[in-house]
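Work through the exercises below with the sequence and the coordinates side by side. Try each task before reading its solution.

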Amino acid sequence: MASSLVQFRTEDTSKIKATNICERLGIDLPTYMRMCISRLIQENGIPFSMKLEKEPENRAVAAMKTASRIAEENGISEMTLEEINAEIAEVRKQDGI
C-alpha cells in the first residue's frame with residue numbers, strides 16, 4: 001500500500017501539549033494523527049461533536065429579560081415612565097419614605 005505525507009502547521013505550544021498528551025497515552029503524535037484519519041473514514045465524517053456551546057448570557061441582559069417577562073405576565077409591560085414613577089411615589093408615601 002502506498003503512503004502519502006501529510007503536513008500542517010500549528011503553534012509550537014499546541015504541538016508540545018499534544019505530544020505530551022500522546023506520550024502519556026503511550027503513543028506518538030503521528031500515530032494519533034493516523035488514528036484520527038482512520039476514525040474520520042470509519043465514521044464517514046468528523047468523529048466528534050462540532051457544536052458551538054451556548055455562550056453565557058450577560059447577567060444584566062438576562063435580568064432585563066426576566067423583568068420584561070414578569071411585567072408582561074402581570075399586565076404592566078406597557079406602563080409609561082410617568083406611570084412607573086407615580087407608582088413608586090405612591091409606595092414611598094405609603095411607607096413613609
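The exercises go from the whole chain to single residues, and they concern a predicted model.

**Exercise 1. Overall form**

Determine which secondary-structure elements the protein chain has, and decide whether its radius of gyration fits a compact globule or a more spread-out chain.

Solution. Begin with the elements: the protein chain has 4 helices and 0 strands, and from the N terminus on the order is α-α-α-α. Next, take the radius of gyration, which is 30 Å, whereas the globule rule gives 13 Å for 97 residues; the value is well over the rule, so the chain is more spread out than a compact globule. The principal axes can then be added, along which the C-alpha trace spans about 85 × 30 × 20 Å. Finally, turn to accessibility: 3% of the 97 residues count as buried, and the accessible surface of about 9,600 Å² belongs for 55% to carbon and sulfur atoms.

**Exercise 2. The cysteines**

Establish how many disulfides the structure holds, and account for the state of Cys22 and Cys36.

Solution. The count of disulfides is 0. For Cys22, the nearest cysteine sulfur is that of Cys36, 8.4 Å away, and a disulfide would require the two sulfur atoms to lie within 2.5 Å. Cys36 is likewise in no disulfide, with the sulfur of Cys22 as its nearest cysteine sulfur. As to their surroundings, Cys22 is buried, because its relative accessible area of 4% is under 20%, while Cys36, at 27%, counts as partly exposed.

**Exercise 3. Salt bridges within helices**

Find the salt bridges of the structure, and state where the partners lie in each case.

Solution. The structure holds 3 salt bridges. As background, side chains of opposite charge can pair when their charged atoms come close, and residues three or four places apart in an α-helix point the same way, because the helix has 3.6 residues a turn.

- In helix 2, Arg39 and Glu43 are 4 residues apart, about one turn of the helix; their closest N and O atoms are 2.8 Å apart. Arg39 is partly exposed at 39% relative accessibility, and Glu43 is partly exposed at 43%.
- In helix 3, Arg69 and Glu73 are also 4 residues apart, and their side chains meet at 3.1 Å, N to O. Arg69 counts as partly exposed at 43%, whereas Glu73 is exposed at 55%.
- In helix 4, Glu90 and Lys93 are 3 residues apart, with 4.0 Å between the closest N and O atoms. Glu90 is partly exposed at 36%, and Lys93 is exposed at 63%.

**Exercise 4. A nonpolar patch**

Identify the residues that make the nonpolar surface patch, and place Met50 in the chain.

Solution. The patch, of about 750 Å², is made by Val6, Ile37, Leu40, Ile41, Ile46, Phe48 and Met50. Met50 is in the loop between helix 2 (29-43) and helix 3 (59-73), and with a relative accessible area of 62% Met50 is exposed.

**Exercise 5. The last helix**

Compare the span of helix 4 with the expected one, and describe the residue that follows the helix.

Solution. Helix 4 runs over residues 81-95, which makes 15 residues, and reaches 21 Å from its first C-alpha to its last, close to the 21 Å expected at 1.5 Å a residue. Gly96 follows helix 4 and has a positive phi, near 70 degrees.

Terms used:
Residues numbered from 1 in each chain as written. Predicted model: local features only at pLDDT ≥ 70, side-chain atom pairs only at ≥ 80, totals over all residues. Heavy atoms only, no water. Patch = residues over 30% accessible without salt bridge, like charges linked within 9 Å, V, L, I, M, F, W, Y side chains within 5 Å. Areas by Shrake-Rupley, 256 points an atom, 1.4 Å probe, with all protein chains shown as cover. Helix = DSSP H or I, 4+ residues; strand = E, 2+ residues; numbered from the N terminus. Buried < 20%, exposed > 50% of the residue type's maximum accessible area, 1.4 Å probe, protein only. Expected span 1.5 Å × (residues − 1). Rg over C-alpha atoms; globule rule 2.2 N^0.38 Å.
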